[in-house]
Amino acid sequence: MNDVMEEDEKKPFIDTELATLKALYFANGGAGVAFLPFLNIWLESQGVSSTQIGIVSSVRQLTNLFGAPFWAGISDKYSIHRKVLFIAIFQCVVARLLLTRLSADYFGVMLALLTFSEFSWSIAGPMIDRICLSMLGESRKHHYGKQRMWGTIGWGGLATPVGKFVEWIGNPNWFFYLHGFGSAFFLVLIAIAPIKEIKQGQVPFWKSLSVIANTKSLVFLSAMVIIGMQNGIIGNYVFLHLKHLGASNTLLGMCLVANTLTEVPAFWFSGEITKAITPEGGILLSAVAAACRLLGYYFLTNPMWVLPLELTHGLTYGLMWASAVQIISGLAPPHLTTTMQGILSATHSGIGSMLGAAIGGILFQRYDATLFLMSIILPIILFFGFGGWVLYEKSEYSKMNEDRSYAMLSLNVMKEKMSPRIGLESDEEEEDEQEKRIENARSSFTLKRSSISREPADHV
């Protein structure tokens, strides 16, 4: 009893490691919201044309496809995660601050700096996720959402103050200056955070990447491309649809607030949800929510009714991302965690979002709101395709356990048959005894098989 009380007294009231982790997420979200949502406004204020802004947007998505895996691969190969993250964020901020010295006359230089800065910043999210998972460990991995939600709080909580402050100052360059202040705080946290470096195993780094090519990884990453497509369509064309319906800018702002308010509790409760229905179940639940959300956009006539639809954002993004991070972490060995997180970001925010934006643009121009009705095919494919794979995996795992149990029982029977017999009076009695043992083994196997079929597969 005294030992237990002594152990409780030794436990700190606040877990400083997790407090630092929450601050990392908050700083990442807070620094990002001072730049990303207002970039196009700044570009327009510098005289950049709409066509050029479109080029910038396309290049930004393309850099997400290559940037995160590049930085993640280097950090995993050489076990230098802190150095890579610090250097990448530092050079990104320098490049963005240099942009304030340029005008539209130097669009080529501007595009090069923006490309370089986006390429560098792309590792921030995957790297913090890797730090989070290494701090939590396998036993607390389901608490990921309770850490990740602080990124959403930083993003949503500082968006309005940043906009109001720059509007009061009257100089759009202050978006970059505020981004620099937030990034400086981010860099300090990176320097002091307890980042665990995991040494590479005996298998060479590039050969160990073969884990990406296995069937389970490819199926999951394909699912993330589909999710990225549907989220790319929602993110790029919902506001245009609402504008066509006569929505005000205030209503659009309320949509962003609703997204934030639902994303935070979704991350908070994601651990309990994924423990109850597994992370794969979380992905399937997000697909159902996405289908309902897209269908609602299609039938929308009064723009004010979009607000109830935005409440599904917590499921379509918050729960989805928390589930995806848990799944991808289980597909890679510890020394490849950052690489797999980078690939997850590339497939969802790179390939998926680009395809959704490109195909959605063509369909929206031709069919307007019917785009959202057509897009329902994406969550349907996700639900039945990925869901079918999950069921197949469960059945294969159960079958493997059955075969293993049967092999062990058969081996035991063979051992008993080969052991010396004492006290049997004739060969006939020995044969009867052997038949009884085989019958008992069959009965035991039948009971074992029925019990396995009722137990859930822990690995799925």
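A disulfide is a pair of cysteine sulfur atoms within 2.5 Å, and by that rule this chain has zero disulfides. The model is a predicted one, so read what follows as a tour of a prediction. It's a helical affair: the chain holds 18 helices and zero strands. Here's a quick look around, topic by topic.

**The chain as a whole**

- Of the 460 residues in the chain, 48% are buried.
- Take the contacts between residues at least 6 apart in sequence, and you'll find that 84% of them join residues at least 24 apart.
- The accessible surface adds up to about 23200 Å², and carbon and sulfur atoms account for 64% of that.

**Two cysteines**

- As background, a disulfide is a covalent bond between the sulfur atoms of two cysteines.
- With the count at zero disulfides, it's still worth seeing where a couple of cysteines sit.
- C92 is buried, since its relative accessible area is 0% and the cut-off for buried is under 20%.
- C292 comes out as partly exposed because its relative accessible area is 47%, which falls between the 20% and 50% limits.

**Aromatic rings**

- The whole structure contains 19 aromatic pairs.
- One of them is F38 with F175: the ring centres are 4.4 Å apart and the planes meet at 10°, so this pair is stacked, as planes under 30 degrees apart count that way.
- That pair ties together distant parts of the chain, 137 residues apart. F38 is in the loop between α2 (16-33) and α3 (39-45), while F175 belongs to helix α9 (residues 174-192).
- Both of these phenylalanines, F38 and F175, are buried.
- Y298 and F299 make another kind of pair: with centres 5.0 Å apart and planes at 70°, they count as edge-to-face, because that label goes to planes over 60 degrees apart.
- Y298 is partly exposed at a relative accessible area of 29%, whereas F299 counts as exposed because its relative accessibility is 56% and the limit is over 50%.
- Ring pairs also join F165, W168, W174, Y177 and F181 into a cluster.

**Charges over rings**

- K77 is placed over the face of Y78, 5.4 Å from the ring centre.
- R96 does likewise with F35, lying over the ring's face at 3.9 Å from its centre.

**L136 and its surroundings**

- You'll find L136 in helix α7 (residues 124-136).
- Is L136 buried or exposed? It counts as buried, because its relative accessibility is 4%.
- Setting aside neighbours within four places in sequence, L136 is in contact with L18, K141, H143, Y144 and Q147.
- L18 is 118 residues away from L136 along the chain, yet their C-alpha atoms are separated by 8.4 Å.

**Two buried serines**

- S345 is part of helix α15 (residues 337-367). This serine is buried, with a relative accessible area of 11%.
- Which residues does S345 touch, not counting those up to four places away in sequence? They are A68, P126, W321 and G350.
- S286 belongs to helix α12 (residues 249-299), and at 1% relative accessibility it counts as buried.
- A polar atom in the side chain of S286 lies 2.6 Å from the backbone oxygen of I283.
- Leaving out neighbours within four places in sequence, S286 also has contacts with L315, T316 and M320.

**Positive phi angles**

- Most residues other than glycine have a negative phi, which is why the next two are worth a glance.
- S79 has a positive phi, near 55°, and isn't a glycine. The loop between α4 (50-78) and α5 (81-99) is where S79 is found.
- S79 counts as buried, because its relative accessibility is 10%.
- T278 isn't a glycine either, and its phi is positive at about 70°.
- T278 lies in helix α12 and is partly exposed, with a relative accessible area of 23%.

How values were computed
Residues are numbered from 1 along each chain as its sequence is written. This is a predicted model: local features need pLDDT of at least 70, side-chain atom pairs count only at pLDDT 80 or more; totals for chains, interfaces and linings use all residues. Side-chain values use heavy atoms; hydrogens and water are left out. Buried means under 20% relative accessible area, exposed over 50%, partly exposed in between (1.4 Å probe, protein chains only). Rings of Phe, Tyr and Trp (its six-membered ring) pair if their centres lie within 6.5 Å; planes under 30 degrees apart count as stacked, over 60 as edge-to-face and the rest as tilted. Helices (H or I, at least four residues) and strands (E, at least two) are DSSP runs, numbered from the N terminus. A charge sits over a ring if NZ of Lys or CZ of Arg is within 6 Å of the ring centre and within 35 degrees of the ring normal. Contact means heavy atoms within 4.5 Å. Accessible areas come from the Shrake-Rupley method with a 1.4 Å probe; for residues, only the protein chains shown count as cover. A polar contact is a pair of N or O atoms within 3.5 Å; within protein, one must be able to donate a hydrogen and the other to accept it, and residues adjacent in sequence count only if both atoms are side-chain atoms.
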